[in-house]
Amino acid sequence: MKRFYTNIYTVLAAAILASSCEVTDVTDVDPVYQVSEDKVITNIDQAQTVLYGVYGSLTDGLDYIVYMPAMTSMMGTTMQPGTWGGTSENAFYINDVNPDDYYLESMYSRMYFLINNANHVISKTSALHTDDPRKEEIIAEARFLRAQSHFYLLRLWGEFFDPDSGYGIVLKEEPISNADPQPRAGVAEVYSLILEDLDYAIAHAPAFTNTFYVSGIAAKALKSKVLLYKKDYAAAATLAEEVISSGERRLEDPYADIFIKKIENTEEVIFQTPFDNLNNRNNKAFMLRSYFGLSDEYVALMETDARHDAAIAVTETGSIRNNKFNGATYGGEPLTADTEYFIRLGEVYLIYAEAALRATKDPEASRSALNAIRERSNNPLVTTGDYNELLGAIRVEKILELGAESGEEWFDLVRYHKEGDIDIDDYKELSSETRLILPLPIQTVELSENIVKQNPGY
């Protein structure tokens with residue numbers, strides 16, 4: 001089936017899923033979502049149309065494109081409030097966010113909004129009686145998108161680092177049909193559903209065609225990342241190696257091409273958001289030089305790295321900008337729009353490097369993957385065979401390679417801290433261990449009459 005992006009996204013999400021109502025408690029939304037549910041999807045063409053709406057949830061608004069990557073980067077070490085940044089932006093930077101924060105509610109709501117739309121596709125398409133092979137592909141794509149959002153929710157709001165913790169997230173596996181509050185699932189249960197969805201996507205998603213849509217290789221890449229967080233290091237390494245060796249994607253060379261090409265003829269990106277001059281235009285480049293800027297620490301770290309000019313731009317007036325997202329062109333016209341790289345092959349190499357080292361304690365394969373990234377960027381190769389030194393080099397390399405993109409360095413700090421490899425206070429001084437995760441939005445807790453438990457310390 002020919003695929004295309006149009007401006008139907010918001011219209012479909014509102015009209016087909018009847019989601020134009022304003023809802024405060026996003027995990028227990030109003031039954032207005034039930035409007036004509038039995039008639040939403042009655043054939044494959046309708047299922048495909050609604051699936052486009054789910055993809056549109058990634059680009060409708062700034063949550064996935066700007067807020068989530070910027071906020072997590074500020075929680076880490078690569079970004080800080082920009083010249084227009086205020087109290088709310090600074091709260092993420094100092095790792096002390098209030099439960100009533102606007103950005104907190106916006107990101108949380110958007111992820112559950114996407115999950116609910118994906119659940120409509122999954123449940124209604126599954127009920128179709130057809131032999132059309134596109135049926136399983138549509139379900140697989142929707143399950144990937146559901147898994148990705150559940151994973152993002154778990155990383156930010158759940159104790160993802162403790163499989164025995166009861167502080168997971170509220171799981172949504174069906175379209176919301178009533179306003180009854182639902183308690184949080186344990187972390188192990190959340191991982192189980194995420195991996196189940198990704199296994200389905202690996203088995204049934206389409207082969208890679210372009211970066212805007214879910215593919216089998218995207219599902220494998222995301223699963224390798226989930227397994228790394230779950231501390232199933234051997235399985236994470238195996239899957240990451242499969243992605244690398246598949247040949248479906250290759251590292252851009254030179255490194256700067258990742259951010260010059262953006263969405264056109266890209267070779268490294270596995271899954272990303274689109275944009276154009278009309279329907280999917282966004283303000284990411286503007287937001288990343290006004291509300292969210294590069295941290296002094298990140299700028300200093302990049303000074304001796306060969307990726308400096310690709311990552312950091314200095315204007316004629318001396319202003320420092322994030323050159324990865326410094327605007328783009330579409331049809332020859334400069335835009336303030338930009339993309340979000342959900343996952344690219346460079347990250348998969350580094351997932352493999354860390355997972356293989358933790359799994360086997362053998363530095364050779366890990367160092368080889370790390371040096372593939374350093375060689376591509378024309379940086380000196382790593383030679384150490386010491387386990388701790390190499391593990392530290394991998395963490396720093398992720399900052400050099402992925403810094404100020406999606407906040408990966410924050411989650412690395414949390415993971416390494418929980419593994420006992422570092423003391424996070426040496427990098428970000430936290431007032432409490434409870435600040436390793438964010439508070440749930442206050443209204444979600446209050447409107448559930450405390451059935452949805454707030455995170456400890458908030």
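Contact here means heavy atoms within 4.5 Å. The model is predicted.

**A buried lysine**

K428 sits in a loop, with α17 (408-419) on one side and α18 (442-447) on the other. By the contact rule, and leaving out residues up to four places away in sequence, K428 touches M74, M75, G76, T77, Y93, N95 and L413. Y93 also offers a backbone oxygen, which the side chain of K428 reaches at 2.9 Å. K428 is buried, yet it has no salt bridge. E297 is the nearest side chain of opposite charge, and it is 7.5 Å away. A salt bridge needs a nitrogen-to-oxygen distance within 4 Å.

**Two spaces in the model**

The second largest pocket and the largest cavity are set out below.

| Space | Volume | Lining residues closest to the centre |
|---|---|---|
| Second largest pocket | About 240 Å³ | G82, T83, R289, G293 and I320 |
| Largest cavity | About 130 Å³ | E340, Y341, F342, S406 and E408 |

The second largest pocket is lined by 13 residues. Elements that give two or more residues to this lining are β1 (79-81), α11 (284-290), β3 (292-294) and β5 (320-322). The largest share, three residues, comes from β5.

The count of cavities of 30 Å³ or more comes to five. In the largest cavity, 15 residues form the lining. At least two residues each come from α3 (63-75), α6 (134-157) and β8 (341-344). β8 gives the most, with four residues.

Notes: Residues are numbered from 1 along each chain as its sequence is written. This is a predicted model: local features need pLDDT of at least 70, side-chain atom pairs count only at pLDDT 80 or more; totals for chains, interfaces and linings use all residues. Side-chain values use heavy atoms; hydrogens and water are left out. Buried means under 20% relative accessible area, exposed over 50%, partly exposed in between (1.4 Å probe, protein chains only). Lys and Arg count as positive and Asp and Glu as negative; His and the chain ends are not counted. A polar contact is a pair of N or O atoms within 3.5 Å; within protein, one must be able to donate a hydrogen and the other to accept it, and residues adjacent in sequence count only if both atoms are side-chain atoms. On a 1 Å grid over the protein atoms alone, a cavity is a set of points where a 1.4 Å probe fits but cannot get out, and a pocket is an open set with protein on both sides within 12 Å along at least five of seven lines; lining residues have an atom within 4 Å of a point. Grid points are joined across faces, edges and corners, and a volume is the space filled by probe spheres set on the points.
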